[in-house]
Amino acid sequence: MSARPNQESAAQQAETTSPHRAGFACFVGRPNAGKSTLTNALVGQKVAITSNRPQTTRHTVRGIVHRDDAQLILVDTPGLHKPRTLLGERLNDVVRTTWAEVDVIGFCLPADQKLGPGDKYIVKELAGIKKTPKIAIITKTDLVESKALAEQLLAVSALADELGFEWAEIIPVSAVKDQQVSLLADLIAPLLPESPPLYPEGDLTDEPEMVMVAELIREAALEGVRDELPHSIAVVVEEMLPRTDRPADKPLLDIHANVYIERPSQKGIIIGPKGKRLKDVGTKSRKHIEALLGTPVFLDLHVKVAKDWQRDPKQLRKLGF
């Protein structure tokens, strides 16, 4: 009889003394594989911009997931792709540098798209990274029936066999429906090194606020623009200053930002008839910025031309790439 309480207390002790883990995980995949949506779902708040247009992530946003047993720092990389511009080459370099520095890599593959040459290209590159555990994440599972999902799971498993490595885990998730998102965090946590938390409780990202604000404006500017335009849009926040003449209980933050495009002909598309489109961009992004910063904001947006900036090293530097 007396053995049981002892067993229980030993088990409880083991539970309380299991080491805390903390480390970096990155999501990779073709552009538009659901990496940013997944990052936001795990963090529980918008830290990465999402768009139904491929190749919209440009900065490696670190989203931070705080748990009792672990701290997951999620690095959201741009999609790896065949580069056509200097910007494209720099984005690919960012991806490879990130892979070399993280503790876990999650390969994202949408459930509703067959494995293509782009996926195989990425998995081949992953096969060359020997020591880092790799998880295959089938995203957007809410868009398919179970038969199609089963086929996708088998295909991604077979691809690893073909290339001579093994996935640490294969997991289907839907970030939009919040299905299996916390299970994914459960699977990543034990793969991280033993470590105290690397960021203070409550921090959701280590991106500078100005970069986050610029990304939110760019996300709003991307909505509904024509196919050729998304890659031509860059946003730089020039300054963020509290309005001086305001009472302490009614603060207002003045944000001045420039939206850059590559050609004068694109200016009209961004501004819209009688400035309506730019006004909508301001209204939409201001809501997200106020939620992020927790303070009312006055947003002043201007559209400027930076000729062919994606191909010009000097302009790329100026725009933060």
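Which residue follows α2, and what is the sign of its phi? The residue is G44, and its phi is positive, near 90 degrees. The model is predicted, and the helix that G44 follows is a convenient place to enter it.

Helix α2 spans residues 35-43, and 7 of its 9 residues are buried, so the helix is largely enclosed by the rest of the structure. The buried positions are K35, S36, L38, T39, N40, L42 and V43. Lysine, serine, threonine and asparagine are thus represented in this list alongside leucine and valine.

The next topic is the aromatic side chains. A search of the whole structure finds 2 aromatic pairs. One of them joins F107 and W167, which are stacked, with 5.8 Å centre to centre and 5 degrees between the planes. This pair links distant parts of the chain, 60 residues apart: F107 belongs to strand β4 (residues 104-110), while W167 sits in the loop between α5 (146-162) and β6 (169-172). F107 has a relative accessible area of 0% and is therefore buried. W167, at 8% relative accessibility, also counts as buried because the cut-off is under 20%.

W167 has a second partner in F165; this pair is edge-to-face, with 5.0 Å centre to centre and 75 degrees between the planes. F165 is buried, as is W167. Taken together, F107, F165 and W167 make up one aromatic cluster.

A ring elsewhere in the chain has a charged neighbour. R243 lies over the face of F298, at 5.6 Å from the ring centre.

The last region to consider is the largest nonpolar core. In soluble globular proteins, nonpolar side chains tend to be buried together. The largest core here has 25 residues, and V213, I217, I233, I255 and I289 are the members that touch the most others. Two or more residues come from each of α7 (209-222), β7 (234-242), β8 (253-261), α9 (276-293) and β9 (297-305). Helix α7 gives the most, with 7 residues.

What does I217 touch, leaving aside residues up to four places away in sequence? Its contacts are V235, A257, V259, V281, S285, I289, L299 and L301. Read against the element boundaries, V235 falls within β7, A257 and V259 within β8, V281, S285 and I289 within α9, and L299 and L301 within β9. I217 itself falls within α7, and I289, one of its contacts, is also among the members of the core that touch the most others.

Definitions and conventions. Residues numbered from 1 in each chain as written. Predicted model: local features only at pLDDT ≥ 70, side-chain atom pairs only at ≥ 80, totals over all residues. Heavy atoms only, no water. Phe/Tyr/Trp six-rings, centres within 6.5 Å; stacked < 30°, edge-to-face > 60°. Helix = DSSP H or I, 4+ residues; strand = E, 2+ residues; numbered from the N terminus. Buried < 20%, exposed > 50% of the residue type's maximum accessible area, 1.4 Å probe, protein only. Lys NZ or Arg CZ within 6 Å of the ring centre and 35° of its normal. Core = buried A, V, L, I, M, F, W, Y, C linked by side-chain atoms within 4.5 Å. Contact = heavy atoms within 4.5 Å.
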